[in-house]
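These are my notebook entries on a structure that is new to me. I set down what I looked up, in the order in which I looked.

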Amino acid sequence: MTQFLQQIVNGLSLGSIYALIALGYTMVYGIIKLINFAHGDMYMLGAYFGFIAITILKLDFLPSLVITMTATAIIGIMIERIAYRPLRHSTRVVALITAIGVSFLLQNSVAKIMGVSIKGFPMDTLPTQTWHIFGIVITLKQLIILVTAVVLMVLLTVIVQKTKVGRAMRAVAVDADAARLMGINVDNIISLTFAIGSALAAAAGILVGVYYNSIDPLMGIAPGLKAFVAAVFGGIGIIPGAMIGGFTIGITEVLISGYWSSMFKDAIVYGLLIFVLLVKPSGLLGKNRKEKV
Amino acid sequence: MEKNIFNKYTFYWILTVALFYLAIQGLISANILRAYYQSILLLIGINIILALGLNLIIGITGQFSLGHAGYMAIGAYSAAITLKYVNGIQGLILGMLIGALITALIAFLVGLPVLRLKGDYLAIATLGVGEIIRIIILNLDITNKAAGINNIDRLASIPLIFGFVILAVIVTSNFKRSALGRACISIFQDEIASEAMGINVTRYKVMSFIFGAILASFGGALFATTYSVVRPEFFGLNQSIDTLVIVVFGGMGSLTGTVVAAFALGIINLLLQPLGDTRMILYAMALIAIMIFRPKGLMGSFEASWKNFKLRKPKLAHGKVNE
C-alpha cells in the first residue's frame, strides 16, 4: 500500500508536467484544429530559457519561471505569425508538416546555439527538503511542481471561463467566422492562445529542468508525444480533459514502470490511447458528433 | 483504355526506363557517379518505394497514417533474420515474403478497427501502432533488443533496387488506375457519397492500407540489406515523417510527384551535407517555406504519362483529407 501511494505521488508530479504540455496542445487544437507538433519543443525551449535565467542571470526560481514563460510566449506568437498564419485555410496534412518543420527548426537551432550535449541545472535551485508521511517520501521539488501546475491550471480556467478574453477564445473555438462578425479580433485571439499554450509548456520545461537536473535539445520529443496522447485521451480541445489526460498518463506510466517493466510503459500508453479512441473516439470528456450528410 | 497492353505507350515507357537505367550505368562506368553517390541513389530508390506505399494510403485513399516506419521495421527485421539462415538473393526474397506476410496480417488486424477513425485521430492512432511495433521489436530476443542486428548480407545493388522501384511504380500506378484505385480515390473525395454509391468503404480502406504497408515492408527489407545493420531506433516517428514529407512535397496522390520529390530531397540533402549542423536548420526552413508557398506539392495531382504528352489536363482532381 505504501509503495502504491508512493507511486501515485511520483505519478502526480510526472502527470502535472504532461498536463501542462497537454493544455497547450488542446487549446491550439481547439481554436485552429492544428496538431502543433512543435509544442513539445516549446517545452524544451522553456527548459533552456530557464537554464539561462538560473545559471547565467543567477535568478531565483520564481523570477526565472516568469521570465521563461514570457520569453517562450513571445516565441510562440512569432511562430504562429510566420509559419502557421499563412496556412490557416490549407489542408491538415500541409499544416502538420509545417509544424514538423518548425519542430526541426527549433531543435536544431537550440542544438547549434547551446550545443547538443546534456546541460545540467544547478542542484541547489530549490532546497532539497524531503518529508516522510506514513512511509511515503515526498520531496519539496515534487510539491513545488504540483503546486505550480495546479496554480497555473486554476489561473487558466479563470482566464478562459471568467474573463472577456476567455469568452472570446471560446467563441473563436466554436465558430471563428461568427466570432469575427461579433467584432472579435480572431487573429489576436489565436496569437493569445499560442502565447498561453507556449507559456504553460515553458513552465513544464523549467519544472522538469529543476526536477531531473538535465536538459537537452531533443528532450521535447517524447514528452510532447505523451502530452498529445494525454490531450486526445481527455478529449482534444477540452481544457479539463487535458488535465485529466495528463494525470492519467503520468500515473499509469509510473505504475507500469513500478510494478512491471519500464520497457513497455510507452507501448501500454499508446495501447491505452488506441483503445480509448476506438471505444470513445472523441476522448473521455468529448461529445460524440453525428456525421451529417 | 486499350485492352492490349503492348501498345505504343507501353513501348515508350520501357524505352524511357531503359534509357534512364543506361544513363545511370553509363555515369557509373565513366566514374562520375562514385560509390558515395551510388549509395545515395540506393537510398533514394528505397525512399521511393516507401513513399509510393504511403502515397497509396494518404494521397489516394486519404487516410492519414503516421505509422509507416513500423511496417518498414517489420520488413527490415524479417529480411535481416532470414538472411542469417538463408544466404544470397533467395534469402532476401524469402525474407521479403515473410515480412510481407507478417505486415499484411498486422495491417489487417490494425486497419480493420483503426481505419474507422478519421483525420487527426487516425494519424495519432497509427502513430501509436508504429511506436508499439518498434517497442515490441526493442524487447524481443529474436530481434536482439536495442543492439539490433549487424552484419546483414549486403545484397543491394543499383540493378536490384532499380528493379524493385520499377516494380513498385508499375504496381502502384496500376492500382491507382484499377477499379480498386478508383474506389479509393472516391473515398478520399467523399466517403459518405462513395458509400451511397455502393462502395464498401471499410474494405477498400483496409485493402489500400495493407497494400501500402507491404510496400513499406519491402522498402524496409531493402534498407536492411543496403545498410547491413538494423536497430529499433531507425524506425521511429522521424522515419515515418521523412516518408510523409516526400509524399506531400511531391504532391498528394501524384505518383510522379513522389518519385520526383524523393530525388529532389535526396539531392537537397546531398548539397546541404558540407554545411554540417546548419544543414538541418536550412532543411527545416526549406520545409516550412515549401509548405507555405507550394502547399499542393511539386506536382499537385499531375501524373507524367506519354498519353498526357500533348498536355492534356489531369482527369482526377483531389479533395482535402477528411474534410
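**Entry 1. Between the two domains of chain B**

I looked for polar contacts across the interface of domain 1 of chain B and domain 2 of chain B, and I found zero residue pairs, with both residues required to be at pLDDT 80 or more. A polar contact is here a pair of N or O atoms within 3.5 Å; within protein, one must be able to donate a hydrogen and the other to accept it, and residues adjacent in sequence count only if both atoms are side-chain atoms. The side of domain 1 of chain B that touches domain 2 of chain B consists of 11 nonpolar residues, three polar and one charged. In this scheme Ala, Val, Leu, Ile, Met, Phe, Trp, Tyr, Cys and Pro count as nonpolar, Asp, Glu, Lys and Arg as charged, and the others, Gly among them, as polar.

I also note that the count of salt bridges between these two domains is zero, a salt bridge being a side-chain nitrogen of Lys or Arg within 4 Å of a carboxyl oxygen of Asp or Glu.

I record that the model is predicted, that local features need pLDDT of at least 70 and side-chain atom pairs pLDDT 80 or more, and that totals for chains, interfaces and linings use all residues. Residues are numbered from 1 along each chain as its sequence is written, chains are lettered from A and ligands numbered from 1 in the order in which they are written, and side-chain values use heavy atoms, without hydrogens and water.

For the bounds I have 1-33 for domain 1 of chain B and 34-310 for domain 2, from an automatic or database domain assignment. Their centres, taken over C-alpha atoms, are 24 Å apart. The contact (heavy atoms within 4.5 Å) takes 15 residues from domain 1 of chain B and 16 residues from domain 2 of chain B.

The two domains bury about 1,400 Å² between them, 74% of it on carbon and sulfur atoms. Buried area is the accessible area (1.4 Å probe) that two parts lose on being put together, summed over both. On the side of domain 1 of chain B, I find that B:Tyr9, B:Tyr21 and B:Leu33 lose the most area, together 37% of what that side buries.

**Entry 2. Between the chains**

How much area is buried between chain A and chain B? I read about 3,900 Å², of which carbon and sulfur atoms give 80%. The contact takes 43 residues from chain A and 42 residues from chain B. The interface of chain A and chain B has zero salt bridges and one residue pair in polar contact, both residues at pLDDT 80 or more. Helix 4 of chain A gives the most to the side of chain A that touches chain B, with 14 residues; helices are DSSP runs (H or I, at least four residues), numbered from the N terminus.

**Entry 3. Single residues**

I looked up B:Leu50, which is in helix 2 (residues 35-60) of chain B. B:Leu50 counts as buried because its relative accessibility is 1%; buried means under 20% relative accessible area, exposed over 50%, and partly exposed in between (1.4 Å probe, protein chains only). Leaving out residues up to four places away in sequence, B:Leu50 touches seven-membered company that includes B:His68, B:Met72 and B:Thr243. In chain A, A:Lys58 is found in the loop between helix 2 and helix 3, and A:Lys58 counts as exposed because its relative accessibility is 67%. Phi of A:Lys58 is near 55°, a positive value in a residue other than glycine.

Methods
Helix = DSSP H or I, 4+ residues; strand = E, 2+ residues; numbered from the N terminus.
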